[in-house]
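Biologist: Please show me the model, and then we can go through it by question and answer.

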Amino acid sequence: MSMRKEVKEKWLQALRSGEYKQGKNCLRADDKFCCLGVLTDIYAKEKNVEWRGNVFLGKKNVLPQSVATWAGIFGAPKVAGVLLSAHNDRESSTFEEISNLIEENL
């Protein structure tokens, strides 16, 4: 899978910035985001689309299709056969570790 280079760079920068607090099991929970929630927030800012509380375009726990299409991601993003959301939620990988996986594999 190869995502759009400019989106990938923005996502990596955001994950490494320290601007986002890491959360689990949903895109956004108040002031915390999962790794896919960070990507969604980048889309929201670029497209001037607002979150409705912790829901974005009707989605709370999965990457909205419009975000995936914009990013050039087809299907649920996986790294080494494991969903990125699982790296974030079950494996408890840090944003730095996840960004390294994204950089090397997407």
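The turns below cover the core, one leucine, the cysteines and the pocket.

Modeller: This is a predicted model, in which local features need pLDDT of at least 70 and side-chain atom pairs count only at pLDDT 80 or more, while totals for chains, interfaces and linings use all residues. Residues are numbered from 1 along each chain as its sequence is written, and side-chain values use heavy atoms, with hydrogens and water left out.

Biologist: Which helix supplies the largest share of the largest nonpolar core?

Modeller: A nonpolar core is a set of buried Ala, Val, Leu, Ile, Met, Phe, Trp, Tyr and Cys residues joined through side-chain atoms within 4.5 Å; buried means under 20% relative accessible area, exposed over 50%, partly exposed in between (1.4 Å probe, protein chains only). The largest one has 31 residues, and Trp11, Leu15 and Trp70 are among those with the most contacts inside it. Helices H1 (5–16), H2 (35–47), H3 (65–71) and H5 (95–105) each supply at least two of its residues, helices being DSSP runs (H or I, at least four residues) numbered from the N terminus. The largest share, 7 residues, comes from H2.

Biologist: Is leucine 12 buried or exposed?

Modeller: Leucine 12 is in helix H1. Leaving aside residues up to four places away in sequence, leucine 12 touches Ser99, Ile102 and Glu103, where contact means heavy atoms within 4.5 Å. Its relative accessible area is 2%, so leucine 12 is buried.

Biologist: How far from cysteine 35 is the nearest cysteine sulfur?

Modeller: A disulfide is a covalent bond between the sulfur atoms of two cysteines. Here the rule is a pair of cysteine sulfur atoms within 2.5 Å, and the count comes to 0 disulfides. Cysteine 35 is buried, with a relative accessible area of 0%. Cysteine 35 is in no disulfide, and the nearest cysteine sulfur, that of cysteine 34, lies at a distance of 5.1 Å.

Biologist: How many charged residues are in the lining of the largest pocket?

Modeller: On a 1 Å grid over the protein atoms alone, a pocket is an open set of points where a 1.4 Å probe fits, with protein on both sides within 12 Å along at least five of seven lines; lining residues have an atom within 4 Å of a point. The lining of the largest pocket includes Leu36, Asn61 and Pro64. Asp, Glu, Lys and Arg count as charged, Ala, Val, Leu, Ile, Met, Phe, Trp, Tyr, Cys and Pro as nonpolar, and the others, Gly among them, as polar. The lining has 8 nonpolar and 4 polar residues, and the charged residues number none.
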